[in-house]
Amino acid sequence: MCGVVGIVSSSPVNQALYQSLILLQHRGQDAAGIVTTDGHKMYLRKSNGLVRDVFLQRHMDHLAGNIGIAHVRYPTAGTASSAEAQPMYVNSPFGIALGHNGNIIDSGRLAREIRERQHRHLNTDSDSEVLLNVLAAELSAAHSGGALKPEEVFQAVENLHRRCLGGYAMVALILGLGVLGIRDPRGIRPLVLGKRETAVGDDWMLASESTALTNLGFQLVKDLEPGEAVLIGSDGQIRSRLPTEKYAHTPCIFEYVYLARPDSLMDGVSVYRARLEMGERLAHQVRMHITAPDERIDAVIPIPESGSTSARALSQALGVPCRDAIVRNRYIGRTFIMPEQGERQTSVRRKFSIIGDELHGRNVLLVDDSLVRGTTSSQIIQLVRNAGAKRVYMALAAPPIRYPNLYGIDMPAQHEFVAHGKTEAEIARVVGADKVIYQQLDDLIDSVRSAGGRMAEFDCSVFNGEYVTGGVDAETFGRLARARSNTAKRKARVVQDTDLVEIHNHA
């Protein structure tokens, strides 16, 4: 899970890129970066940290030009080094910078091809650098001489789709040409296009979520279709191309459960409305599981923030008061995307506090979006019990997570999931709840469908183990588990800083 932005404007884009990253900060808190161009050179600033900490005034002053891309990152594997912060760039053949959200399943094979057959150097183990070099190699192969032509760009994208297996949405700045947006052939990861009319011409923007568009005064034009490439020229002209090979449109359903902001529209679906629907349907499961008179729920307690919308809808459906008895410190990041278990546990203790008067002597139903490792939930449940709650139930807006995500979400190895190999009663014992109640997968799918959009299918692999791209085997899971282990992340934690860089095209 990362956030990407690309803007072509009639005025300097540095401030707009910065503001859009603030709006997408929830998609990655590990690192941030911006690349701009004045048509002659590219200017880069990237480093580890939150957006507000990475960019100082001197950095913003350096980021000149009316065209640029930006990225917020959290690592799905391996390293938190800012060497892997994005955008990444290559000088050859055309001067290309790239920001990527997603994951390439077979990046190891592609990396070997790049080194051995195309003789390109890779500096990191990042699949984003692999994608950048695949794009560069395919652009070089498609180029027939002279200025790079849009048709050659679209041919390169077509070949990239054939070579790369996974879920990805990316923006690329091509020096002298403009900004290229690409969505994977199944539309797993989101990418939207927006337009803003100005007195001197139209501004165009690509972003991971529509909230980045609308909050900056852009109108949502469209979600990129699966496999679609959109090229925004330096002159503001828009060209697009759909792939010749078509696949089913299967966006990641976990975007609607957890990742996206509630004020976003994704593939025509209101994230907020989908979460309301999840709460309404979850109420049916709660009624089925809590039936005895002494189990009667006195209050529904949202666990902020992803579970709050569903909790309020569930409360209304049950006719039970909703009480904000758990208070979140907004200055502590998401524990789910922190790289190590120790950091997650320490952060949970700093992140939440309890209003005990709303809990003492009551049967309470805690509502969250999902359970991954159970770290946050078990500690919250203990805090609630310490405050004097009589019974503590937990309801989840999503089904049990039992399988790793292969398309860009940092979920652990399968054995680290709290639901792995356990019944709901066993999960309840692990997290310390009296009962744990999960959403049914069919109800989750129907919740998203009923909130808009036209998708018939979704990638639900974290719930059902069905990977829409294919190409997944035991070796894939083994590589994933090794890369996402805490040991690997500790070894790779090298702190670097890319302060201010001017990139010249030497091709």
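This text walks through a sheet, a helix that lies across it, and two nonpolar cores. The model is predicted.

Start with the sheet. Six strands build it, and the sheet is open. Their order is E5-E6-E7-E8-E12-E13, with antiparallel pairing. Strand E5 (88-90) sits at one edge and strand E13 (238-241) at the other; each of these pairs on one side only. From one strand to the next, the twist averages 20°.

Now look inside the sheet, at strand E8 (residues 178-183) and strand E12 (residues 229-233). These two run antiparallel, and five bridges join them. One position to find here is Ile182, which stands opposite Ala229 in E12.

Next comes a helix. Helix H5 (residues 127-142) lies across E5, strand E6 (96-104), strand E7 (166-174) and E8. Its direction makes an angle of about 125° with E6.

Turn to the largest nonpolar core. It holds 37 residues. Which of them touch the most other members? They are Ile253, Phe254, Tyr256 and Phe463. Four helices give two or more residues each to this core: helix H8 (254-259), helix H9 (271-289), helix H14 (441-449) and helix H15 (461-464). H8 gives the most, with five residues.

Ile253 is a good place to pause. Leaving aside residues up to four places away in sequence, Ile253 touches Leu444, Ile445 and Val448. Ile253 also touches Phe458, Asp459, Cys460 and Phe463.

A second core is separate from this one and has 33 residues. Among them are Leu122, Ala136, Leu148 and Leu177.

Terms used:
Residues are numbered from 1 along each chain as its sequence is written. This is a predicted model: local features need pLDDT of at least 70, side-chain atom pairs count only at pLDDT 80 or more; totals for chains, interfaces and linings use all residues. Side-chain values use heavy atoms; hydrogens and water are left out. Two strands pair if DSSP finds at least two bridges between them. Axes are lines fitted to C-alpha atoms, for helices over the stretch in contact, and angles run from 0 to 180 degrees between N-to-C directions. Contact means heavy atoms within 4.5 Å. A nonpolar core is a set of buried Ala, Val, Leu, Ile, Met, Phe, Trp, Tyr and Cys residues joined through side-chain atoms within 4.5 Å. Buried means under 20% relative accessible area, exposed over 50%, partly exposed in between (1.4 Å probe, protein chains only).
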